Amino acid sequence: AVLMAPAGLAAPVNGEKGLSDLEGHWAQKEVEAAVASGWVDGYPDGSFKPEKSITRAEFTKMLLDAIHLTPDSELVAWMKVHAKMEDIWGNPTEYTPKLYDMSGHWLTSQGWLDAALYSGMVVPDDYNGKNFRPEKAIARYEIALMTDRALGLVYPASQPVEGELPFTDKEEILDWMKGYVNESVKAGVLKGYPDGSFQPNKTSTRAEAVVMIQRMLEEMEEGINPNITVVAQYHKVADNEDKIVAEKETEKIQLQMVDHIIYASLNDLYAVRKEMMKESGDKGVNDISESWWPIEQKVEVGVSGGNLLMIDDYQMGNVKYSSSNSPYYFYAPVRALYGELMIPV
């Protein structure tokens, strides 16, 4: 069993006395909370080795596990089926991500690589020659990139940064990194050092990685509220009149409330819509299609009728959405929760 598991990630600690080398460590509370939540474990000897460097592969597995995008996740399966990208002519085509150095690696054989690629947490073009180098120690700028992706911040991170980054070593932060570093710092996931530096290329320890993922989860999970009652209405326009065809309470829509704004899962909203259409005998349910764009972190929903195709376009981190290229605006950016688009409703 030890041989089959990635070292330090899949060996649960027996007993209730805790990890042997965490007492008094600055990250003891965060690590123990992560172990209790189940997305990180100690070593077979009962230690955690908090100051040991963490590799790209280990961090990837840890991040995906923390945000529920596991190899057996229904959402990951949905992403694989619906994933799209642009071909060389700019037309939609099947998303076929490829890393050339991952054959036989445990991240691949256990299904974590597919989860990382199709969720968009790992994008092959971010790595030289599309070689992931999974056993390389992960750098802070890479953690900024991946936690931003988990938080649905690719869109704002891709925009020009206003002003200068407030770090003494900002010249070491490459231009393409700046937006990601900026967003991760704004979200409170990564922080600068007491001397005013950021040190983008500094590698991270296991303890530091756990703390940064915990901070990311606090930002992501803010305002989750299972106690709000949802009443869904299905409307149809007939004889130039908007009529309510069906109405019912539902517990099938994931909700959260942030800054007095209620957010709802886009996938859940469309699933309930389809359910109510079927219950109403509306054959138009068969004309609804969905696609997921991992690199851009967006969902497109197409509704066809006759020769007309209406496409609604929603993107994480963006306030603008469109219907057949006509722009509309939310009053807050679309959020991300465990890989789901959460739109303000």
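The buried residues of helix α2 are covered by, among others, α4 (106–109), α5 (112–119), α6 (140–150) and α9. That's a good place to enter this model, which is predicted: local features need pLDDT of at least 70, side-chain atom pairs count only at pLDDT 80 or more, and totals for chains, interfaces and linings use all residues. Residues are numbered from 1 along each chain as its sequence is written, and side-chain values use heavy atoms, with hydrogens and water left out. Helices (H or I, at least four residues) and strands (E, at least two) are DSSP runs, numbered from the N terminus.

Stay with α2 for a moment. It's mostly covered, with 11 of its 11 residues buried; buried here means under 20% relative accessible area, exposed means over 50%, and partly exposed sits in between (1.4 Å probe, protein chains only). The buried set takes in charged residues such as Arg56, Glu58, Lys61 and Asp65 as well as Phe59, Met62, Leu63 and Leu64. Take Asp65, which belongs to α2 (residues 56–66). Its relative accessible area is 18%, so Asp65 counts as buried. Leaving out residues up to four places away in sequence, Asp65 touches Gly38, Trp39, Thr70 and Trp112, where contact means heavy atoms within 4.5 Å.

Just beyond the helix, the backbone does something worth a look. α2 is followed by His68, with a positive phi near 70°, even though His68 is not a glycine. For context, most residues other than glycine have a negative phi. His68 lies in the loop between α2 and α3 (74–82), and it's partly exposed because its relative accessible area is 42%. On the other side of α2, in the loop that connects α1 (28–37) to it, you'll find Lys49. Lys49 also has a positive phi, near 55°, without being a glycine. With a relative accessible area of 31%, Lys49 is partly exposed too.

Now for the core. The largest nonpolar core has 94 residues, and the ones touching the most other members are Trp39, Phe59, Ile67, Ile213 and Met216. Helix α9 (residues 206–220) gives the most to this core, with 9 residues. A nonpolar core, for the record, is a set of buried Ala, Val, Leu, Ile, Met, Phe, Trp, Tyr and Cys residues joined through side-chain atoms within 4.5 Å. In soluble globular proteins, nonpolar side chains tend to be buried together. Ile67 shows how the core is knitted: setting aside neighbours within four places in sequence, Ile67 contacts Met121, Ala150, Met216, Leu217, Met220 and Tyr338.

Next, find the sheet. It's an open one of 4 strands in the order β5-β6-β13-β12, with antiparallel pairing. At the edges are β5 (255–258) and β12 (335–337), each pairing on one side only, and the twist from one strand to the next averages 35°. Two strands pair if DSSP finds at least two bridges between them; β6 (residues 261–265) and β13 (residues 340–344) have 3, in the antiparallel sense. One handle on that pairing is Ser265, whose bridge partner in β13 is Met342. Helix α10 (residues 266–279) packs on the sheet, touching β6 and β13, and its direction makes about 65° with that of β6. Axes here are lines fitted to C-alpha atoms, for helices over the stretch in contact, and angles run from 0 to 180 degrees between N-to-C directions.

For another spot, try Phe167, in the loop between α7 (154–157) and α8 (175–186). Phe167 counts as buried because its relative accessibility is 8%. Not counting residues up to four places away in sequence, its contacts are Ile173, Val181, Val185, Gly192, Gly196, Ser197 and Phe198. Phe167 and Ala271 are 104 residues apart in sequence and 45 Å apart in space, C-alpha to C-alpha.

Finally, zoom out. The chain has 10 helices and 13 strands, and its C-alpha trace spans about 70 × 45 × 40 Å along the principal axes. Its radius of gyration is 22 Å, which agrees with the value near 20 Å for a compact globule of 345 residues; that radius is taken over C-alpha atoms, and the globule rule is 2.2 Å times the number of residues to the power 0.38. Of the 345 residues, 49% count as buried. Among contacts with a separation of 6 or more, 64% are between residues 24 or more positions apart.
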